[in-house]
Protein chains: 2
Amino acid sequence: MTDFNLNALASATRTAWKTLKRSSHAQRNAVLAAIADTLIARSAAIATANADDLATSAAAGLDSAMLDRLRLDAPRISALADDVRALIDLPDPLAVCFDQRVLANGLMRHRRRVPIGVLGVIYESRPNVSIDVAALAIKSGNAAVLRGGKESLRSNLALVACVHDVLRAAGLPADCISLIPSSDRRHVLELLTLDASVDLIIPRGGAALHAFCREHARMPVITGGIGICHLYIDEHADLARVVPVIGNAKVQRPTVCNALDTVLVQRSVAAQVVPDIVRTLAAAGVFFRVDPEAFALLAGVIAETDLRARFTAAGPEDFDTEWLSLVLGIKIVGDLDDAIAHIDAHSSGHSDGILTDDRERARDFLERVDSAAVYWNASTRFTDGGQLGLGAEVAVSTQRIHARGPMGLEELTSYKWVIEGAYHTRR
Amino acid sequence: MTDFNLNALASATRTAWKTLKRSSHAQRNAVLAAIADTLIARSAAIATANADDLATSAAAGLDSAMLDRLRLDAPRISALADDVRALIDLPDPLAVCFDQRVLANGLMRHRRRVPIGVLGVIYESRPNVSIDVAALAIKSGNAAVLRGGKESLRSNLALVACVHDVLRAAGLPADCISLIPSSDRRHVLELLTLDASVDLIIPRGGAALHAFCREHARMPVITGGIGICHLYIDEHADLARVVPVIGNAKVQRPTVCNALDTVLVQRSVAAQVVPDIVRTLAAAGVFFRVDPEAFALLAGVIAETDLRARFTAAGPEDFDTEWLSLVLGIKIVGDLDDAIAHIDAHSSGHSDGILTDDRERARDFLERVDSAAVYWNASTRFTDGGQLGLGAEVAVSTQRIHARGPMGLEELTSYKWVIEGAYHTRR
């Protein structure tokens, strides 16, 4: 595709957005319903395109976990269509006015939500992201330039063709949702320079992709998705209820960013609770990286032959690692201040919590720990747009501008000031 | 200052911020009061430092307008102290919780405002910006790295010394507010790469500075301050009340970004209103760039000898120019659609308005024009944090992420999610 012109594609997307942003909520919802129907109607064709991607990727030596992420079969296409339909009942994120006030001079002002504009979304192997993002963008009146992984190009083309056909049938420009039809990595770099057409970059991938976007983008970037998450067990926690929370945070889905990485335990209760934690979690397949004090404390447990292989002395980088697997760091600390100091030094600012029945200490922790999500007596696994009641999620942000934590539809909007007067002049 | 280390300075600012963000609102207000007092107490010394800057700049050939911007005499220092004191009575921007909800599973969540972190503020000749920004940052719990113009370095050092002494006396780290003590332009470029220490860049200057920051910054940039502003006179406007609004928007302070650049007039009323506009504004010293149709319409007025020199046929770039002076573009359009099309093509998205008594057309304009501020029957000069009731202003944003239009104290905050449970686990 040597004659492909990304600048022209992004510019066409911006032009198309100007039509999309004037559409009604009912019109945008009708598009979502039609996309869901079309996905189902073309399920076999999409699966065939995906089978081509899978065959190419298998031949190229992609591992089975990657192949599984890439796979799009009939049940997954059906689930994808359901996700699109679930957006229809959510309220219109653009039908919001706020901060209304009549000023002393009689001028009336309020702020009204508007779409951000054109989103640039860069993602990796999972082709369903193409539809997730397209549906969220359309619901919120945004256009999008999509750049999926090269291994899923044929799947993405088949999926975006559904969106294009639906948009055209609805009298809206197909260019509202554009897919970069190329696997050339230079296009990612070029996309990051097109600030005349693209308002916001949302990378969905690993730390290297996020750093690359921050370095090269001329427009704002939503950085996120990296979670080195902590739970601190205070001495006033209900120790009988602590173990299931730690287990849930670590084991329920270890490959995601809100899974637990390090448990901090107050020294005064460590001997009571740490052996229970490691026995329970070891049974679930967890391996441990433990600081010297925890190692000493666990000598008895470690001596149980079948558990010995699960323990490693924590190395200097272990508390700065996002495990994304069945590995848990354990560290003994003196008190709340020590726990907060450790979190301050090692957390990625994603999700950190305290387990305690002491309200004052909980308040102190929630006040002082400045992560995107701070928890009192709950698993870190709730940092998710769906779980926190946003109805949908486009990304989890760990940067501090615009949106922080789970980003739902509202976080895909900007606002404008509306000022109404009676031929007012400024003094 | 060859041994000056900007990375170390920014890093020290971030460390200092961690203390500042734990301070109480009363403590931060006490710092503001003491800064105001100290400015007054040291007024003579500050004016002396400023006189040195003025002498150097005058010798270097700075023009009188620039020298006036640079000047900091006793009355201006007194006004600066008053501006700092005015922040004290504003509510604490951090004492805000929002979006509180109890979820179906009993989990309670809300969002709580927190400071953004470390602001990097890059500005030009006016030294009072150093105090304005320091005071807004401290009020909102943010730290700041300041980079003023080289011509105001001695003034800025004297002003920031006041802030440092007050912070130290209050038991807070002086490094909360850091001034880059160098006029080397390479430090601006380096500042833009320090995303580990600086969360947000706020450039306060011309279009070239904004473009430079967007290109090189690894962190988000608040772009703004460029206003190509329009007012559209609809045929249903109260024509007797239109002229003062146009005059106010153009003449009251022509050098600022919210001043009017182009007036669009509906053809059906152009002959009735345009001659009045040009006679009134010409008397105030305005020059005009007019499209061919307006030129023909104004033939009679232009024939009046003393006005002829004030009219120029609009060239191809005139409607894409921010005048920042007593120049006004005039264009005749057919209807609302034409007016909106012109604004869409030429506005910088800052402030645009309609003058009409037709409610439907006003609604249509306010809905369709997507600028940071849209007006109905008011001068564009109200796009200002103070005028719109924000109490203070750090910048006017014309980008679409985080904050748009006037940015007050709330726009200097981020938020965190606070989630409280009863040992909740995710299913």
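**Exercises on a predicted two-chain model**

The buried residues of α3(A) pack against three helices of chain A: α4 (64–70), α5 (74–88) and α7 (153–169). The model is predicted, and the exercises below work from its coordinates.

**Exercise 1. Helix α3 of chain A**

Task: Find which residues of α3(A) are buried, and state how they are arranged about the helix axis.

Solution.
- Step 1. Locate the helix. Helix α3 of chain A covers residues 43–59, which is 17 residues. From its first C-alpha to its last it reaches 24 Å, close to the 24 Å expected at 1.5 Å a residue.
- Step 2. List the buried positions. A residue counts as buried if 20 or more other C-beta atoms lie within 10 Å of its own. In α3(A) these are A:I46, A:A49, A:N50, A:D53, A:L54 and A:S57.
- Step 3. Look down the axis. The buried residues of α3(A) fall within an arc of 145 degrees, so they line one face of the helix. An α-helix has 3.6 residues a turn, so residues three or four places apart point the same way.
- Step 4. Check the other side. There, A:A44, A:A45, A:A55 and A:A59 are exposed.
- Step 5. Look past the end. Just after α3(A), A:G61 has a positive phi of about 95 degrees.

**Exercise 2. The surroundings of B:V265**

Task: Decide whether B:V265 is buried or exposed, and name its contacts beyond its neighbours within four places in sequence.

Solution.
- Step 1. Place the residue. B:V265 belongs to strand β8 of chain B, residues 260–266.
- Step 2. Count the surroundings. B:V265 has 29 other C-beta atoms within 10 Å, and is therefore buried.
- Step 3. List the contacts. With neighbours within four places in sequence left aside, B:V265 touches B:I233, B:A270, B:V273, B:V274, B:I330 and B:I332.
- Step 4. Add a distance. B:R363 lies 98 residues from B:V265 along the chain, and their C-alpha atoms are 18 Å apart.

**Exercise 3. Domains and copies**

Task: Give the domain division of chain A, then state what operation superposes chain A on chain B.

Solution.
- Step 1. Divide the chain. Domain 1 of chain A takes in 6–223 + 403–420, and domain 2 takes in 229–382. The centres of the two domains, taken over C-alpha atoms, are separated by 36 Å.
- Step 2. Superpose the copies. Chain A is brought onto chain B by a rotation of 180 degrees with 0.0 Å of shift along the axis, at an RMSD of 0.0 Å. The two copies are thus related as by a two-fold rotation axis.
- Step 3. Find the axis in the chain. In chain A, the C-alpha nearest the axis belongs to A:H402, 1.8 Å from it.
- Step 4. Compare the contact residues. Of those in chain A, 100% recur in chain B, and the same surface serves both copies.

Note on methods: Residues numbered from 1 in each chain as written. Chains lettered and ligands numbered in written order. Predicted model: local features only at pLDDT ≥ 70, side-chain atom pairs only at ≥ 80, totals over all residues. Domains from an automatic or database assignment. Helix = DSSP H or I, 4+ residues; strand = E, 2+ residues; numbered from the N terminus. Buried ≥ 20, exposed ≤ 12 C-beta atoms within 10 Å, placed from the backbone. Contact = placed C-beta atoms within 7 Å. Expected span 1.5 Å × (residues − 1). Arc of directions from axis to C-beta. Least-squares fit on C-alpha atoms with pLDDT ≥ 70 in both.
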